[in-house]
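Reader: I have a structure to look at and would like to go through it with you. Where should we begin?

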Amino acid sequence: REVLRALELMGIVTTVRGGTNYITENMDQWLSAPLALLFQLNNSHVQQVQELRSALEQEAALLAAGKCTAALTPRNMRSILAQLESSEDEKARAGLDKKLHTKIGRIAGNPMIYNVLDAAAQLTEEIISGTRAYIMQKHNSALEVDEQHRRLVEAIISGDRNQAEKLMREHMETIEKYILEIAQQQGENSLVFHR
């Protein structure tokens with residue numbers, strides 16, 4: 001019972017009336033709560049969360065470039081990219097940006113990297129809400145990010161692992177720049193993880 005209760009608190013198990021336990025349907029979300037607790041206990045800063053995310057995103061891009069062979073994968077990534085570039089709705093663009101990164105994480109084929117990466121991305125949004133929307137609403141930054149996405153997708157599709165990793169690193173450096181800009185506008189307290 002104690003183990004089941006702990007798993008329920010972590011979001012891995014769902015208990016329904018009558019005492020029946022099920023593995024949660026949304027396994028992609030279960031890691032964010034323990035990771036959030038870890039960052040909170042360590043009084044972590046948003047930059048540390050972003051450093052974790054950056055390292056994982058780079059590895060995911062490298063792995064994805066080595067595994068992007070399925071016939072539908074290039075078409076799917078280019079479709080997301082086309083929607084992202086043509087949309088003028090900031091919220092929709094932010095959602096498509098996340099969808100593209102999620103796709104790259106899934107193509108990488110490592111569920112541990114994908115799940116920690118997803119949790120780190122969620123934490124970034126929790127610490128500084130609207131990060132993606134902020135970046136997308138700035139005209140020049142949106143164009144810069146669109147170009148980075150375009151080059152990154154082509155590197156992954158062409159199987160150029162080194163270029164994909166390099167471009168993702170540059171992209172993450174750009175994102176970090178805007179995250180710190182948002183944090184400074186919101187005040188230094190927003191740099192520290194809190195719930």
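Reader: Leaving aside neighbours within four places in sequence, which residues is Leu152 in contact with?

Author: This is a predicted model. Contact here means heavy atoms within 4.5 Å. With neighbours within four places in sequence left out, the partners of Leu152 are Ala61, Ile104, Ala164, Leu167 and Met168.

Reader: Which helix gives the most to the largest nonpolar core?

Author: That core has 30 residues, and Met77, Ile104, Leu152 and Ile156 have the most contacts inside it. At least two of its residues come from each of helix 3 (46-67), helix 4 (72-86), helix 5 (90-108), helix 7 (131-137), helix 8 (139-157) and helix 9 (161-186). The one that gives the most, with eight residues, is helix 9.

Reader: Is Leu180 buried, partly exposed or exposed?

Author: Leu180 lies in helix 9. Buried means under 20% relative accessible area and exposed means over 50%. Leu180 has 25% relative accessibility, so it counts as partly exposed.

Reader: What separation do the C-alpha atoms of Leu180 and Gln47 have?

Author: Along the chain, Leu180 and Gln47 are 133 residues apart. In space, their C-alpha atoms are separated by 7.7 Å.

Reader: In strand 2, which residue is the bridge partner of Val13?

Author: Strand 1 (residues 13-16) and strand 2 (residues 20-23) run antiparallel and are joined by four bridges. The partner of Val13 in strand 2 is Ile23.

Reader: Which residue in the hairpin of strand 1 and strand 2 takes a positive phi?

Author: This hairpin has three residues between the strands. The positive phi is near 100°, and the residue that takes it is Gly18.

Definitions and conventions. Residues numbered from 1 in each chain as written. Predicted model: local features only at pLDDT ≥ 70, side-chain atom pairs only at ≥ 80, totals over all residues. Heavy atoms only, no water. Core = buried A, V, L, I, M, F, W, Y, C linked by side-chain atoms within 4.5 Å. Buried < 20%, exposed > 50% of the residue type's maximum accessible area, 1.4 Å probe, protein only. Pairing = 2+ DSSP bridges.
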